[in-house]
Amino acid sequence: MSTPLLEVNDLKKHFPIRAGFLGGVTGHVYAVDGISFSIAKGETLSLVGESGCGKSTVGKAILRLFDITGGQVMLDGTRIDDMPAATLRPMRRRMQVVFQDPYSSLNPRMRVRDILAEPIRNFGLAKDSADLEKRVGDLMDRVRLPRDAVGRWPHEFSGGQRQRIGIARALAAEPDLIICDEAVSALDVSVKAQIVNLLQDLQKDLGLALLFISHDLAIVEHMTHRVAVMYLGKIVEVAPKRELFAAPKHPYTEALLSAVPVPEPGAQRERVILKGDVPSPINPPKGCRFHTRCPYAFDRCRQDEPALRQTEPGHWSACHLHDRPAAENPLAGAKGAALIAKH
Ligand code: SF4
């Protein structure tokens with residue numbers, strides 16, 4: 001088996017809560033609490049979950065925007081989470097990010113040409129100024145913006161166009177992996193679809209891997225290979241898109257999916273309304289973190305934390321229901337089989 005491009009093992013990020021004049025630590029926010037996943041070269045993995053579940057913290061931890069509390073991050077087989085800054089630099093080039101807000105992620109005092117030239121210069125990718133100019137023009141072509149717009153300022157573009165510039169800036173470093181952190185969430189529906197199509201095309205053309213962080217399952221359905229679902233700092237389910245959408249193996253995924261429209265005319269999912277709010281990551285519930293909202297919770301769920309384990313080839317779920325006989329497991333069986341066939 002080939003080495004994954006990105007491997008995250010038991011990643012933890014606990015933010016200390018400080019109080020008082022001396023700033024003593026009074027507790028922790030358990031933002032990410034022991035998650036593992038991998039992304040193959042050229043693959044898209046979507047990390048989904050409600051706001052505050054820790055998914056954006058995962059992206060920032062991979063990019064080394066802060067130190068992690070525990071675990072490991074490996075890029076192409078090399079551990080990068082404890083790498084000194086000087087050694088990390090070439091690895092950083094291989095991982096780029098596109099943020100949610102195209103308005104604030106571009107420097108308003110730089111013209112597009114300079115925004116795109118900056119990473120090319122920083123990583124020493126251009127042979128000379130003619131090569132630099134050519135690379136900037138090629139990037140504009142790649143994201144389907146006119147070449148002559150390189151002299152304009154960010155405020156002269158629409159939201160979707162600015163996000164194209166953000167994508168071009170990420171591509172300028174010639175990365176292997178792009179982390180898209182809610183990259184289309186702030187856009188109108190039609191613009192969202194255009195940016196998703198662009199990302200898909202770029203992925204095919206350039207063999208990029210994408211970590212697509214989103215709260216919106218309907219969007220990831222159109223572009224991802226696999227989905228990892230996060231709840232309160234933990235991954236609760238990982239599966240290929242088709243299997244996860246057709247036959248979820250975790251009650252939280254089932255609830256999230258119940259709000260996503262089914263493409264087949266006349267078909268619909270039974271809507272699952274979750275009770276209550278997401279508990280605080282400062283004091284997560286004992287046992288299964290989802291038990292305070294789970295419609296199927298039973299005694300064991302309040303005591304034992306379920307491990308993420310394989311229920312079918314390539315399909316992982318963290319739920320005690322899978323230890324029960326199939327007749328007592330509402331997520332077992334072939335209820336999704338018909339949908340898998342159509343999906
Ligand atoms: Fe629900 Fe229990 Fe499964 Fe958690 S372990 S998701 S509470 S059934």
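**Strands, helices and unusual phi values**

Me: Which residue takes a positive phi near 50° in the hairpin of β9 and β10?
Reply: In the hairpin of β9 and β10, two residues lie between the strands, and one residue there has a positive phi near 50°. The model is a predicted one, in which local features need pLDDT of at least 70 and side-chain atom pairs count only at pLDDT 80 or more, while totals for chains, interfaces and linings use all residues. Residues are numbered from 1 along each chain as its sequence is written, and side-chain values use heavy atoms, with hydrogens and water left out. The residue you are after is Leu232.

Me: Which residue of β12 stands opposite Glu237?
Reply: Let's walk across the strands (E runs in DSSP of at least two residues; helices are H or I runs of at least four, and both are numbered from the N terminus). β9 and β10 pair (DSSP finds at least two bridges between paired strands) in the antiparallel sense over six bridges, with Val229 opposite Glu237 in β10. Two bridges also join β10 to the antiparallel strand β12, residues 315-317. There, the residue opposite Glu237 is Ser317.

Me: How many of the seven residues of β10 are buried?
Reply: Buried means under 20% relative accessible area, exposed over 50%, and partly exposed in between, using a 1.4 Å probe and protein chains only. β10 is largely enclosed by the rest of the structure because its buried residues number six.

Me: Why is helix α9 described as largely enclosed?
Reply: Helix α9 spans residues 251-258, and its buried residues include Pro251, Tyr252, Glu254 and Leu257. These buried residues pack against α7 (217-220), β9 (226-231), β10 (234-240) and α8 (241-246). The helix is largely enclosed by the rest of the structure because its buried residues number eight of eight.

Me: Which are the edge strands of the open four-stranded sheet?
Reply: The strand order in this sheet is β2-β1-β4-β5, with antiparallel pairing. Each edge strand pairs on one side only, and these strands are β2 (24-39) and β5 (78-79).

Me: Which residue of β4 does Leu6 stand opposite?
Reply: Strand β1 covers residues 6-19 and strand β4 covers residues 70-75. The two are antiparallel and share five bridges. Across from Leu6 in β4 is Leu75.

Me: Is Asp10 buried or partly exposed?
Reply: Asp10 belongs to strand β1. Although Asp10 is not a glycine, its phi is positive, at about 50°. Most residues other than glycine have a negative phi. Asp10 has 38% relative accessibility, so it counts as partly exposed.

Me: What relative accessibility does Glu182 have?
Reply: Glu182 lies in the loop between β7 (177-181) and α6 (189-206). Like Asp10, which has a positive phi of about 50°, Glu182 has a positive phi, here near 55°. Glu182 counts as buried because its relative accessibility is 9%.

Me: What distance separates the C-alpha atoms of Leu132 and Arg113?
Reply: Leu132 sits in helix α4, residues 129-142, and is buried, with a relative accessible area of 11%. Leaving aside neighbours within four places in sequence, Leu132 is in contact (heavy atoms within 4.5 Å) with Ala117, Ile120, Arg121 and Ala126. Leu132 and Arg113 are 19 residues apart along the chain, and their C-alpha atoms are separated by 9.8 Å.
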